[in-house]
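Got the model open in your viewer? Here is a tour you can follow one selection at a time.

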Amino acid sequence: MSRRHTSFNTALTYAAGLLFLAIFVGPILWFIALAIRPAETAFTMPPQLTFEPNLDAFRHILVDPGTNARQLVNSLIVAIGAVLLNLPFSVPAAYALSRFKLRGKKNIMLWYLGLLMAPPVAFLIPYFILITRIGLQGSYFSMILVLQTLTIPFSVWLMKSFIDEVPVELEEAARVDGARWYTIMLRITLPIVRPGIIVTSMFAFVFAWNNAAFPLVLSSRSTATLPIGTLGYFATSGVTWNYIAAAAVLAMIPPMIIFLVFDRYVVRGLTFGSVKG
Amino acid sequence: MHTTTVRSPRAFGPTRKSFIRRNLPYFLIAPSVVMLLALIAYPLLFALRSSFYFWNLQIGPEPLQFVGFENYVQAFNAFDFRAALTNTLILSMLGTTLEFTFGLAIALILLKALPGMNVVRALLILPTTIAPIVVGFLFRYLYDPGGGLLSWLLQSLWLPVPAEGILGSPSTALAAILLVDIWQWTPFFAIVLYASLLAVPDEILEAARLDRASAWTILMRIKLPLIKRTAIIIVMLRFMQIFNTFDTVLVLTRGGPGTSTRTLGYSLYEQGLVNFNIGLVSAMTWITVLIVNVIVALYVFFAFRNEEW
């Protein structure tokens, strides 16, 4: 193979890389620009690439009148709450599935997987009626509770893949020394697997943060989350694109940062650990 | 491992210990299973019961009349529900296939490990991180007939854009929704396939090259079979996610124009949360749940037949 041919291939590969960035990242940058550009230039034809950036839209959504600041806090409460409620249920289950031989393990794992495929909208009406009847409508807890249908199955799969990697010999040694199973789990395995718990929590956080279906039905005006906030601009008083974009950028940033920071775990998280990344 | 010589001095009597020890894994799994069953069983049973009643929350707070299978008949005969079923199948089949194909192509290019390409790889995942509702807004902006970037680009390339806008015309709206899904999820396939292809041992590939196997043969006969399990799982997950899509549709088209972009997820949303037709939506729910279960069961049966866990 000639040298010229290889350098041509190299150039082609870089061109492809740039094309991918233009297609998959370009629209995001264009949308972020919408949040900081003067409102009147949003729809000029041809598109205006240079403009004087300003933070008016962010000021409007966060400070005056600041409706989205509240929703930002609500999103945080719901997502963090979902993670905290999730861990005590999913970590022991993942530990058991990783460490013990048990009958029907494959079926249990598939059952969790199957739950992730349930149509969330199909469950909204029953939840809506149940939550209203027990007087929890508009509460953070109702959203956090219902989100567990997504976060528990996901976390069990992901956590199991992390626990699988802790050498059994460490636990054997402790057992020989007379330690009980819960001492072993709490004092040996879980500390070692702490990065896995953090990664699992971050992904569960993103799931809860990005979810719009449950808050759409279960939240009230005062507990609405950010995605619901963006929908709000749409429903009222004509479309105010700068405000939508500013609120949307706010909603976009935490998941983006998490995915970029946990880059090496992204594959594992996206496939619930079923694929070791 | 079983040790007979070492016995914990603090161990309880044999019966108590063996009961707890024998069932320990089940005790650890039980809380999550109970929690999930509680959260899943209620909606399903509720929907099953409601599906046999005429019940509209706009008319009354309680079920009005037992109607047997009337709601199921009505759902199946409803023109828009059948349209939704067709659209959903088109979206999920085409979406999964195209995303897998494009994702694989991108993964193979990323595998040419050139300096700087890891930055491309890391940034490529960004669309997948964004909430579907937000992606919906992003594309509404791009599709806008009065100055959206994508509409403008198409016009600049002398491509026909419907006068009503890309989302406003029944001939292009479903394709527009499909494009949004492809944009958001192709990177997901690309990154996951890239990572699993990285794990294919070099020796095998070298051996194949020595045998003068073509790149295509290596891909089809060696690389793809080795990443089969990954591929099976991500295709299944993605298929079901598209099957249940409703938030992007809600933001982009509200199922219109006509029934051209109505999906099952959106139909459930509209009948339940806009029209509050609880009886009918419950019947639709059960139809959807049954369809989903049949598809997943068939898929799992064939795909995981020979898999070890």
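Start by selecting Glu171(A) and Arg99(A), which are both buried. Keep in mind that this is a predicted model. Show the two side chains and you'll find a salt bridge, with the closest N and O atoms 2.9 Å apart. The partners come from distant parts of the chain: Glu171(A) sits in helix α8 (residues 168-176) of chain A, Arg99(A) in helix α4 (residues 67-99) of chain A, and 72 residues separate them.

Now hop over to chain B and pick Asp181(B) and Arg238(B). Here is another salt bridge, and its closest N and O atoms are 2.7 Å apart. This one also links distant parts of its chain, 57 residues apart: Asp181(B) belongs to helix α8 (residues 173-198) of chain B and Arg238(B) to helix α11 (residues 228-243) of chain B. Both Asp181(B) and Arg238(B) are buried. Add Glu99(B) to your selection, since salt bridges with shared partners tie Glu99(B), Asp181(B) and Arg238(B) into one network.

Back in chain A, select Arg59(A) and Asp56(A). Their salt bridge has its closest N and O atoms 3.1 Å apart. Are these two buried or exposed? Arg59(A) counts as partly exposed because its relative accessibility is 48%, and Asp56(A) is partly exposed too, at 43%. Both lie in helix α3 (residues 56-62) of chain A, three residues apart, or about one turn of the helix. An α-helix has 3.6 residues a turn, so residues three or four places apart point the same way. If you'd like to hunt for further pairs, a search of the whole structure gives 10 salt bridges over all chains.

Stay close in sequence and move to Pro65(A), in the loop between α3 and α4 of chain A. Look at the peptide bond leading into Pro65(A) from Asp64(A): it is cis, with omega near 5°.

Next, a pair of helices in chain A. Select residues 241-261, helix α13, which has 21 residues and reaches 30 Å from its first C-alpha to its last, close to the 30 Å expected at 1.5 Å a residue. Where does α13(A) kink? Zoom in on Met252(A), where there is a kink of about 25°, shortly before the proline Pro254(A). Turn on the surroundings as well: 15 of the 21 residues of α13(A) are buried, so the rest of the structure largely encloses this helix.

Then try residues 194-210, helix α10 of chain A. This helix has 17 residues and reaches 24 Å end to end between C-alpha atoms, close to the 24 Å expected. It is mostly covered, with 12 of its 17 residues buried. Among the buried ones are Phe203(A), Phe205(A) and Trp209(A).

Color by annotation for the next stop. An unreviewed UniProt entry lists "transmembrane region" at residues 12-36, 72-97, 109-129, 141-163, 184-209 and 241-262 of chain A. Highlight residues 12-36 of chain A: the span is 96% helix and its end C-alpha atoms lie 35 Å apart. For residues 109-129 of chain A, the figures are 81% helix and 30 Å.

In chain B, the "transmembrane region" annotation, also from an unreviewed UniProt entry, covers residues 26-48, 89-111, 123-143, 226-243 and 283-304. Select residues 26-48 of chain B and you get 100% helix, with 30 Å between the end C-alpha atoms. UniProt (unreviewed entry) also marks residues 85-299 of chain B as "domain: ABC transmembrane type-1". That stretch is 74% helix and 0% strand, and its end C-alpha atoms are 19 Å apart.

Two loops in chain B deserve a click. Which backbone angle stands out at Trp158(B)? Its phi is positive, about 60°, although Trp158(B) is not a glycine. Trp158(B) sits in the loop between α7 (149-156) and α8 of chain B, and counts as exposed because its relative accessibility is 80%. Arg254(B) also has a positive phi, near 50°. You'll find Arg254(B) in the loop between α12 (247-252) and α13 (264-274) of chain B, partly exposed at 46% relative accessible area.

Finish on the surface. Select Val294(B), Leu298(B), Phe301(B) and Phe302(B), a nonpolar patch with about 420 Å² of accessible area together. To place it, follow Val294(B) into helix α14 (residues 278-303) of chain B.

Terms used: Residues numbered from 1 in each chain as written. Chains lettered and ligands numbered in written order. Predicted model: local features only at pLDDT ≥ 70, side-chain atom pairs only at ≥ 80, totals over all residues. Heavy atoms only, no water. UniProt positions renumbered as here; feature names shortened; annotations may be inferred. Helix = DSSP H or I, 4+ residues; strand = E, 2+ residues; numbered from the N terminus. Patch = residues over 30% accessible without salt bridge, like charges linked within 9 Å, V, L, I, M, F, W, Y side chains within 5 Å. Areas by Shrake-Rupley, 256 points an atom, 1.4 Å probe, with all protein chains shown as cover. Salt bridge = Lys/Arg side-chain N within 4 Å of Asp/Glu carboxyl O. Expected span 1.5 Å × (residues − 1). Bend = angle between axes of the 7 residues up to and from the residue. Buried < 20%, exposed > 50% of the residue type's maximum accessible area, 1.4 Å probe, protein only.
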